[in-house]
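Got your viewer open? Grab a coffee, load the model and follow along, one selection at a time.

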Amino acid sequence: MLKLTPAERSELRSAAHALKPIVLIGEAGLSPAVMKEIDAGLKSHGLIKVRVFGDDREARIAMYDNICSTLDAAPIQHIGKLLVLYRPKQEESTTKVLRKGKAGGLREVTIVKPSPSGTKKPTVSKVMVKGNERVTQGGNIKRAKPRQSSTKKSALGNA
């Protein structure tokens with residue numbers, strides 16, 4: 001089981017306040033399918049809520065301990081029928097190399113533009129950008145300008 005300081009636990013408890021339960025445990029209890037879903041939730045979110053439908057408090061505590069020890073998660077909070085679990089997400093390298101060995105290859109860029117009124121959701125678009133292009137502050141794509149070279153330095157290098 002993961003060990004957290006009280007300050008870390010308090011911070012995670014406040015972050016979990018707005019979450020909704022993503023796994024529900026019914027009459028069957030902790031089946032392998034339920035454990036798999038909890039593990040998948042911890043992998044993708046890190047901090048999750050689990051709702052247990054059952055009136056036996058001791059059984060809920062036993063489930064909580066079993067989940068934490070089996071999945072190497074930290075118990076954050078147990079209020080009534082809600083269990084809050086935390087496991088840090090593993091960093092995965094998901095970078096795609098489109099052209100190998102060449103410096104000016106394509107790369108995928110996410111452009112987020114706020115709505116004109118400021119009250120609606122921003123528009124998100126993914127664009128493929130060439131090696132000689134750049135994304136401006138406003139989200140437009142421009143060709144990169146060639147670097148200026150000094151005439152004095154070039155004259156010294158050629159001499």
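**Stop 1: the main core.** Keep in mind as you go that this is a predicted model. Begin with the largest nonpolar core, which has 17 residues. Select Ile25, Ile38, Leu42, Val50, Ile67 and Leu85, the ones with the most contacts inside it. Now colour by element: strand 1 (23–25), helix 2, strand 2 (47–52), helix 3 and strand 4 (82–86) each give two or more residues to this core. Which element gives the most? That's helix 3, with five residues. As background, nonpolar side chains in soluble globular proteins tend to be buried together.

There's another core lying apart from this one. That second core has eight residues, and Ala16, Leu47, Ala74 and Ile76 are among them.

**Stop 2: two helices crossing.** Show just helix 2 (residues 32–44) and helix 3 (residues 57–71). Packed helix pairs are described by the angle between their axes and the distance between the axes. Here the axes come within 11 Å and cross at roughly 60°, so helix 2 is oblique to helix 3. The crossing is right-handed.

Next, turn on side chains where the pair meets. From helix 2, pick Met35, Ile38, Asp39 and Leu42; from helix 3, pick Ile67, Thr70 and Leu71. Sorted by class, this contact has five nonpolar residues, one polar and one charged.

**Stop 3: Leu42.** Stay on leucine 42 and look past its neighbours within four places in sequence. What is leucine 42 in contact with there? You should find Ile48, Leu71, Ala73, Leu85, Tyr86, Arg87 and Lys89.

**Stop 4: Asp72.** Move to the loop between helix 3 and strand 3 (74–79), where aspartate 72 lies. Check its backbone: phi is positive, about 55°, although aspartate 72 is not a glycine. Is aspartate 72 buried, exposed or partly exposed? Its relative accessibility is 40%, so it counts as partly exposed.

**Stop 5: Glu133.** Last selection: glutamate 133, found in strand 7 (residues 133–135). Buried or exposed, this glutamate 133? It's buried, because its relative accessible area is 18% and the cut-off for buried is under 20%.

Who's around it? Again leaving aside neighbours within four places in sequence, glutamate 133 is in contact with Arg107, Ile141, Lys142, Arg143 and Ala144. Draw a distance from the C-alpha of glutamate 133 to the C-alpha of alanine 144: these atoms are separated by 5.1 Å, with the residues 11 apart along the chain.

Notes: Residues are numbered from 1 along each chain as its sequence is written. This is a predicted model: local features need pLDDT of at least 70, side-chain atom pairs count only at pLDDT 80 or more; totals for chains, interfaces and linings use all residues. Side-chain values use heavy atoms; hydrogens and water are left out. Axes are lines fitted to C-alpha atoms, for helices over the stretch in contact, and angles run from 0 to 180 degrees between N-to-C directions. Helices (H or I, at least four residues) and strands (E, at least two) are DSSP runs, numbered from the N terminus. Angles under 35 degrees count as roughly parallel, over 145 as roughly antiparallel, 65 to 115 as roughly perpendicular and the rest as oblique. A crossing is left-handed if the near helix is turned anticlockwise from the far one by less than a right angle, and right-handed if clockwise. Contact means heavy atoms within 4.5 Å. Ala, Val, Leu, Ile, Met, Phe, Trp, Tyr, Cys and Pro count as nonpolar, Asp, Glu, Lys and Arg as charged, and the others, Gly among them, as polar. A nonpolar core is a set of buried Ala, Val, Leu, Ile, Met, Phe, Trp, Tyr and Cys residues joined through side-chain atoms within 4.5 Å. Buried means under 20% relative accessible area, exposed over 50%, partly exposed in between (1.4 Å probe, protein chains only).
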